[in-house]
Amino acid sequence: MHRGAAIITGATRGIGRSVAETLGAKGYPIVGVARREEELASLEKDLRAGGVAVTTVAANLRDPEVATIVVERAVAAFGSVSVLVNNAAASPTFGPIAQMEPEAMDLVWAVNVRAPALLAARFASAPGDDKAIVNIASVGGLEPEPGIGLYNVSKAALIHLTRQLATELAPVRVNAVSPGLVRTSFAAVLVDALEAQLARSLPARRIGEPADVAAAVAFLVSDEARWITGANLVVDGGTLTIGRLGGP
Ligand SMILES: NC(=O)c1ccc[n+]([C@@H]2O[C@H](COP(=O)([O-])OP(=O)(O)OC[C@H]3O[C@@H](n4cnc5c(N)ncnc54)[C@H](OP(=O)(O)O)[C@@H]3O)[C@@H](O)[C@H]2O)c1
């Protein structure tokens, strides 16, 4: 079956890397976005070694023009687009919202909400059939939590953006995935602090691995999910069912 490109932001590490490997193995050509060129080169090398067609864009999603550049690159390289996974996020500070500098607040908004909105708009008007978008939100977008409050507000906004875009961009399907604590460099401090406790208290008896989230993304973009749009799939090992949050 012909597949258009799968654009994945933050494709070089953690959840995004696992999404790139999972969708690549399903036959999607991959367009990976991140800032660090050496990590993008490593992603390209590894995917090509597995027979996956891939191109990358080194860019900072803080910059609004990046959305157009990324979608144009995907169409130039692979002719059409099928999937957009808005995965990259910024959480520049830890502490109460009242102590955040305005510049850090602007960065959270630009990377976590504005970039997904701009990419979704450009993606929806690019060539391609049966298109699907998945936004990586967080359980923190559903429950307040100390220390990363404005990041959580941005994830709540991303969940609502998902619902809004599901109506505005239809028939493009737009869904969100909200992970609990997942073993990545982004969450390393929390993993170190909480893993042993969560292994006892979580219904799933372990924290998440990037592949747990990638599997949910692969389902939501697949034909099996053809009647699902505007949804937020919580992938958290039961974190919210016990009313406790494990991480970002
Ligand atoms: N890990 C968790 O426990 C957890 C829980 C809930 C939700 N999430 C969400 O899952 C998503 C992925 O998180 P992760 O834990 O996999 O993170 P990660 O391992 O730190 O990877 C982040 C990726 O995003 C890229 N990136 C970061 N800022 C960027 C920017 N401004 N422009 C372009 N690329 C950027 C990074 O590459 P460069 O640094 O080279 O740019 C990297 O590829 C995020 O949306 C996060 O909020 C994570």
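**Ligand environment in the predicted model**

A backbone N or O atom of R36 lies 2.9 Å from an oxygen atom of the ligand. This contact belongs to a predicted model, and two further polar contacts involve side chains. In the side chain of Y151, an N or O atom is placed 2.4 Å from an oxygen atom of the ligand. The side chain of N60 contributes a polar atom at 2.9 Å from a ligand nitrogen atom. Considered by itself, the ligand exposes 890 Å², of which 97% is buried by the protein.

The ligand occupies the largest pocket. Two elements, α1 (14-25) and α5 (149-168), each supply two or more residues to the shell around the ligand. In total, 30 residues surround the ligand, and T12, R35, N87, Y151 and T184 are the closest of them. Y151 thus appears both among these closest residues and as the source of the side-chain contact at 2.4 Å to a ligand oxygen atom. When the shell is divided by residue class, 17 members are nonpolar, nine are polar and four are charged.

With regard to annotation, an unreviewed UniProt entry assigns the feature "domain: Ketoreductase" to residues 4-185. Within the model, the C-alpha atoms at the two ends of residues 4-185 are 30 Å apart. Helix accounts for 45% of this span and strand for 18%.

Conventions:
Residues are numbered from 1 along each chain as its sequence is written. This is a predicted model: local features need pLDDT of at least 70, side-chain atom pairs count only at pLDDT 80 or more; totals for chains, interfaces and linings use all residues. Side-chain values use heavy atoms; hydrogens and water are left out. UniProt positions are given in the numbering used here, feature names are shortened, and annotations may be inferred rather than shown by experiment. Helices (H or I, at least four residues) and strands (E, at least two) are DSSP runs, numbered from the N terminus. A residue is near a molecule or strand if one of its heavy atoms lies within 4 Å of it. A polar contact is a pair of N or O atoms within 3.5 Å; within protein, one must be able to donate a hydrogen and the other to accept it, and residues adjacent in sequence count only if both atoms are side-chain atoms. Accessible areas come from the Shrake-Rupley method with a 1.4 Å probe; for residues, only the protein chains shown count as cover. On a 1 Å grid over the protein atoms alone, a cavity is a set of points where a 1.4 Å probe fits but cannot get out, and a pocket is an open set with protein on both sides within 12 Å along at least five of seven lines; lining residues have an atom within 4 Å of a point. A molecule sits in a cavity or pocket if more than half of its atoms lie within 2 Å of its grid points. Ala, Val, Leu, Ile, Met, Phe, Trp, Tyr, Cys and Pro count as nonpolar, Asp, Glu, Lys and Arg as charged, and the others, Gly among them, as polar.
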